[in-house]
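Let's take a walk through this one together, starting with the pockets and then stepping back to the whole fold. Have the coordinates open as you read.

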Amino acid sequence: AMFEKRIVIDGKGHLLGRLAAIVAKELLAGQTVVVVRCEEINISGSHFRNKLKYQDFLRKRCNVNPARGPFHLRSPSKMFW
């Protein structure tokens, strides 16, 4: 009972990696975390480079049966999931 029931974080204006690190630390400690307004999370760097990195991420799949995963979710709320 030393934790709050859940931590609600507003994602607007935060950098993706920095916010992910903070949320991961809280999750490893056993805390429940909810991030709202994920559409407003910022990704630093050039748009073109980030697009290439995301396309490289989408290319990773199981060669034998792609239905087995990994699954690449597209909506902003699921990308941070």
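The largest pocket in this predicted model has a volume of about 530 Å³. Its lining is made of 17 residues, and the ones closest to the centre are Leu-16, Ile-43, Tyr-54, Phe-57 and Met-79. If you sort the lining of the largest pocket by class, you get eleven nonpolar residues, plus three polar and three charged ones. Which elements do at least two of these lining residues come from? Look at α2, spanning 47-59, and α3, spanning 76-79. Of the elements, α2 provides the largest share of that lining, with four residues.

Now move on to the second largest pocket, which holds about 260 Å³ of space. Around it you'll find Ala-20, Val-23, Ala-24, Leu-27, Val-33, Val-34, Val-35, Cys-38, Ser-77, Phe-80 and Trp-81. Here the elements giving two or more residues are α1 (16-28) and β2 (33-36), and α1 gives the most, with four. The class count for the second largest pocket is ten nonpolar and one polar, with no charged residues at all.

One name on that second list, Cys-38, brings us to the cysteines. Cys-38 has a relative accessible area of 9%, and because the cut-off for buried is under 20%, Cys-38 counts as buried. Cys-62 sits at 24% relative accessibility, so it falls in the partly exposed class. How many disulfides does the structure hold? Zero. As a reminder, a disulfide is a covalent bond that joins the sulfur atoms of two cysteines.

Time to zoom out. The protein's secondary structure adds up to three helices and two strands, and reading along the sequence gives you the pattern β-α-β-α-α. Why call the protein more spread out than a compact globule? Because its radius of gyration is 15 Å, well over the 12 Å that the globule rule gives for 81 residues. Along the principal axes, the C-alpha atoms fill a box of roughly 45 × 30 × 20 Å.

Two more values round off the picture. Of the protein's 81 residues, 16% count as buried, and Cys-38 is one of the buried residues. As for contacts, take those with a separation of 6 or more: 66% of them are accounted for by residues 24 or more positions apart.

Key
Residues are numbered from 1 along each chain as its sequence is written. This is a predicted model: local features need pLDDT of at least 70, side-chain atom pairs count only at pLDDT 80 or more; totals for chains, interfaces and linings use all residues. Side-chain values use heavy atoms; hydrogens and water are left out. On a 1 Å grid over the protein atoms alone, a cavity is a set of points where a 1.4 Å probe fits but cannot get out, and a pocket is an open set with protein on both sides within 12 Å along at least five of seven lines; lining residues have an atom within 4 Å of a point. Grid points are joined across faces, edges and corners, and a volume is the space filled by probe spheres set on the points. Ala, Val, Leu, Ile, Met, Phe, Trp, Tyr, Cys and Pro count as nonpolar, Asp, Glu, Lys and Arg as charged, and the others, Gly among them, as polar. A disulfide is a pair of cysteine sulfur atoms within 2.5 Å. Buried means under 20% relative accessible area, exposed over 50%, partly exposed in between (1.4 Å probe, protein chains only). The radius of gyration is taken over C-alpha atoms; the globule rule is 2.2 Å times the number of residues to the power 0.38. Contact means heavy atoms within 4.5 Å.
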